[in-house]
Amino acid sequence: MAGVQTAVALREQGWTGAIVLLGAEPHPPYDRPPLSKAVLLGKAEGAAFDVDFASLDIDLRLGVEATGLRPAEHLLDTTAGPVAYDVLVVATGADPVTLPGTADVPGVYVLRTLDDAVRLRPVLAAGRDVVAVGAGWIGAEVATAAREAGCRVTVVEASGRPLAGALPAEVAAHMAGWYEQAGARLLTHAKVASVAEGAVVLDDGSRLAADAVVVGVGARPATGWLAGSGVELAADGSVAADERLRTSVPDVWAVGDCASFPSARFGRRLLVHHWDNALQGPRTVAQNLVLGPEEGPVYDPVPYFWSEQFGRFVQYAGHHADADELLWRGDPEGASWSVCWLRSGVLRGLLAVGRPRDLAQGRRLIEQGTALDRTRAADPSVPLKAAVL
């Protein structure tokens, strides 16, 4: 996504030089969100971008993986040999975290690529026993698809609640019941001790039947290939880009899941592993390359993402901290509700379940740094934009 959008945005901004787009996978570039939905359920064969690379004069080279970088020579090392560049944009994404000791165990899957989805699809189609490890966004979406396909589903989560890394306990607690309502089993405080063919063994000795084990315990920026290049990495392994998405070495930029950036809006460095970031960041890079860094924009977006879980449309915008004030809009046991996070009365983050209007209005208010009237904001019948002080 980030690489394709960078190439397309450059042409849209008037870049007239040569553009080479390298991709490690053999498939034409594709969108990832459908992998855990339509592609996984066999409702679509793929999700290729509707981009005519030839007409845009973009030299698309598939099956070519980056292996190293020599900035002093302006050379990118790849599996197909070195490639010279004047400007390089790193958009290598992230790699899924795997369970130790499972590399050679049959029936263990991750869901990151088109090939991953195609491998897992027949298991779901057969209605088999599926164990998802991790009750994060991917785990919930896999469980949703597997239940829709008629599989018996167990989700194993090491912490005490789903979405533990993203949402506080008082919010996530209301989402735990979604699993049971959908006919899936959610096991919390459950750690995987080992995985064998056909089974997952937990640390309490219990054994779960598993024709497929889908591991969804996070992803790490795919930046190992930059070792020795001089490109500065942050503590989380991401490329430590600046406010315009430049790296620490000249003529090298970074976008998408592999890059973090400083946010003046939220007062910290952000690493955003979501679709919208892979759309917006490339536009900023393209403008800076065409206009020059002195004229180009700073990248400081309001992060946004969505997820479809058990018949619910879940959206989030902004970035909240544990110390932020939490404000409910609606009954969290109902079909639609929202949560606002305020700092000194100013909206910083918003989670919307089945309330897309809240999300759309809240995202704009976060962008504007708007303070809200708490009483009106807590009334779900009052539009958020009408709660502005």
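Helix α5 has these buried residues: Asp276, Asn277, Ala278, Leu279, Gly281, Pro282, Thr284, Val285, Ala286, Asn288 and Leu289. The model described here is a predicted one.

**Helix α5 and its surroundings**

The buried residues of α5 pack against two helices and several strands: α1 (2-12), β6 (88-90), β18 (252-254), β19, β21 (304-309) and α6 (356-368). Helix α5 itself covers residues 275-291, which makes 17 residues. At 1.5 Å a residue the helix should span 24 Å, and its end C-alpha atoms are 25 Å apart, so the expected and computed lengths agree. Just after α5 comes glycine 292, whose phi is positive, at about 95 degrees.

Strand β19, one of the elements that α5 packs against, consists of residues 259-263 and contains serine 260. Is serine 260 buried or exposed? Serine 260 has a relative accessible area of 1%, and because buried means under 20%, serine 260 is buried. Leaving aside residues up to four places away in sequence, serine 260 touches Ala234, Ser238, Val239, Ala240, Ala241, Arg269, Leu270 and Leu271.

**A parallel sheet**

Strands of a sheet pair through backbone hydrogen bonds, and the pairing may be parallel or antiparallel. In this model, 5 strands make up an open sheet with parallel pairing, in the order β8-β15-β9-β10-β11. Its edge strands are β8 (108-109) and β11 (185-187), each of which pairs on one side only.

Within the sheet, strand β9 (residues 129-133) runs parallel to strand β15 (residues 212-215), and 4 bridges join the two. Valine 131 stands opposite valine 213, which belongs to β15.

**Salt bridges**

How many salt bridges does the structure hold? The number is 20. Three of them are set out below, with the distance between the closest N and O atoms or from N to O.

| Salt bridge | N to O distance |
|---|---|
| Arginine 121 and glutamate 45 | 3.4 Å |
| Glutamate 73 and arginine 70 | 3.4 Å |
| Aspartate 276 and arginine 363 | 2.8 Å |

Arginine 121 forms a salt bridge with glutamate 45. This pair links distant parts of the chain, 76 residues apart: arginine 121 is in helix α2 (residues 114-125), while glutamate 45 is in the loop between β1 (19-23) and β2 (58-62). Arginine 121 is buried, with a relative accessible area of 16%. Glutamate 45 counts as exposed, because its relative accessibility is 59% and the cut-off for exposed is over 50%.

Glutamate 73 and arginine 70 also form a salt bridge. Glutamate 73 is partly exposed, with a relative accessible area of 48%. Arginine 70 counts as partly exposed too, at 29% relative accessibility.

The salt bridge between aspartate 276 and arginine 363 brings the text back to helix α5. Aspartate 276 lies in helix α5 and arginine 363 in helix α6, so the definition of helices as DSSP runs places the partners in two helices, and the pair links parts of the chain 87 residues apart. Aspartate 276 counts as buried at 7% relative accessibility, whereas arginine 363 is partly exposed, with a relative accessible area of 26%. Elsewhere, salt bridges that share partners join Asp242, Glu243, Arg244 and Arg246 into one network.

Conventions: Residues numbered from 1 in each chain as written. Predicted model: local features only at pLDDT ≥ 70, side-chain atom pairs only at ≥ 80, totals over all residues. Heavy atoms only, no water. Pairing = 2+ DSSP bridges. Buried < 20%, exposed > 50% of the residue type's maximum accessible area, 1.4 Å probe, protein only. Contact = heavy atoms within 4.5 Å. Expected span 1.5 Å × (residues − 1). Salt bridge = Lys/Arg side-chain N within 4 Å of Asp/Glu carboxyl O.
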